[in-house]
Amino acid sequence: FAVTFRPTGDVSYRAAVGSSATFPFVGQVSGLATYEQPAASLGPPFASGGTLTQKNPNLEPEVSTSYNVGADKRFSNNSVLSIDLQDGVIHNVFEQLTSSAIIAGGGLEGIFTPINVGRLRTELATVRYSYAPRAGLGVNAVVAANRSILDGVPLGVGPFVANVPANGVQICGNGVAAPGIATCLPYLKGYGQINYTTRSGSFLGLGVEYEGKNNSYFQAPFALVDFTFRRPVSRSVEMLVGVENLLNTNVYSNASYLASPNAGTPLVANTAAGGQTSFVPTLVSAPARTVRVQVRLHTGR
């Protein structure tokens, strides 16, 4: 259910509330557990391990409720400022319990089990500002602050085993060791772009993406720069050039990273004793500098 109130032509207020239920997939609740052998190239003791994905016939549906309030303000130069606040609670959250066991030969077997945890509480604040004139200097920016906390995650399955995600800390799952489960949500994330449009329709933009603490790259906060250029060649033909990660930041192609890849930001994990510990995951490389060239053909002009 949502309502919008517009007291004047340049101001609007928004409010919404919603609820939904999500049911588990059949493959999560029935059938035999699946086992994946490790690559033989790893050598002992790692080649004697593997990953075991279990089923859980007792999985309950997720039930979520979310609230949102927001406002929009259009200024005299046609720029728009938007503010949104969101609060959501999900009960019986689906999570992949990640644990491990030492097996014969000294190998380490990863064990992944779908479970319901108590609840996930998410609070999100987003601020957006955009100014896009037909010609001249424009701005496009968005900043989001996020707090996502899980509670009710079971403790480790053995006296020396820790599992992620952990109770009471910003949500973070070790997506490197267990692809497919939730990765880290940064406390702060943002994107800003300054652009310039000429009267002939050419467009030039320089943007910065900011990844704050607790990001999914398992790195300290950092920024990625992008570049965009668009130019009409004729009435019906347009050329675009885009560069992702213009400065080639944090792609870890250097020798020091290859010699010591396990230097990521520590993850917090639950322990079987009811406490918490931390371990250092492998760093995740940011996308390498990528250049794209595109030609658009417009018809019917």
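Student: Among contacts in the protein chain between residues at least 6 apart in sequence, what percentage join residues at least 24 apart?

Tutor: This is a predicted model, in which local features need pLDDT of at least 70 and side-chain atom pairs count only at pLDDT 80 or more, while totals for chains, interfaces and linings use all residues. Residues are numbered from 1 along each chain as its sequence is written, and side-chain values use heavy atoms, with hydrogens and water left out. A contact means heavy atoms within 4.5 Å. Of the contacts between residues at least 6 apart in sequence, the share joining residues at least 24 apart is 59%.

Student: How many helices and strands does the protein chain have?

Tutor: Helices (H or I, at least four residues) and strands (E, at least two) are DSSP runs, numbered from the N terminus. Counted in this way, the secondary structure of the protein chain comes to two helices and 16 strands.

Student: What share of the residues in the protein chain is buried?

Tutor: Buried means under 20% relative accessible area, exposed means over 50%, and partly exposed lies in between, with a 1.4 Å probe and protein chains only. For the 301 residues of the protein chain, the buried share is 32%.

Student: Is Ala16 buried or partly exposed, and why?

Tutor: Ala16 is placed in strand β2, residues 11–22. Leaving out residues up to four places away in sequence, Ala16 touches Phe1, Ala2, Ser66, Tyr67 and Asn68. Because its relative accessibility is 32%, Ala16 counts as partly exposed.

Student: Which residues form a nonpolar patch on the surface with Tyr67?

Tutor: Tyr67 is in strand β5, residues 62–74, and is partly exposed, with a relative accessible area of 47%. A patch is made of residues with over 30% relative accessible area and no salt bridge (a side-chain nitrogen of Lys or Arg within 4 Å of a carboxyl oxygen of Asp or Glu); like charges are joined within 9 Å, and nonpolar side chains (Val, Leu, Ile, Met, Phe, Trp, Tyr) within 5 Å. Accessible areas come from the Shrake-Rupley method with a 1.4 Å probe, and for residues only the protein chains shown count as cover. With about 430 Å² of accessible area together, the patch joins Tyr67 to Phe1, Val3 and Val17.

Student: Which element gives the largest share of the largest nonpolar core?

Tutor: A nonpolar core is a set of buried Ala, Val, Leu, Ile, Met, Phe, Trp, Tyr and Cys residues joined through side-chain atoms within 4.5 Å. The largest one has eight residues: Val93, Leu97, Ile115, Val117, Leu120, Leu150, Val153 and Ile171. Two or more residues of this core come from each of β6 (80–102) and β7 (108–131). The largest share, three residues, comes from β7.

Student: How is the pair formed by the rings of Tyr217 and Phe222 classed?

Tutor: Rings of Phe, Tyr and Trp (its six-membered ring) pair if their centres lie within 6.5 Å; planes under 30 degrees apart count as stacked, over 60 as edge-to-face and the rest as tilted. A search of the whole structure finds one aromatic pair. The centres of the Tyr217 and Phe222 rings are 5.3 Å apart and their planes stand at 80 degrees, so the pair is edge-to-face.

Student: How far apart in space are Gly190 and Val143, C-alpha to C-alpha?

Tutor: Gly190 lies in strand β10 and is buried, with a relative accessible area of 14%. Apart from neighbours within four places in sequence, its contacts are Val142, Val143, Val208, Glu209 and Tyr210. Although Gly190 and Val143 are 47 residues apart in sequence, their C-alpha separation in space is 4.2 Å.
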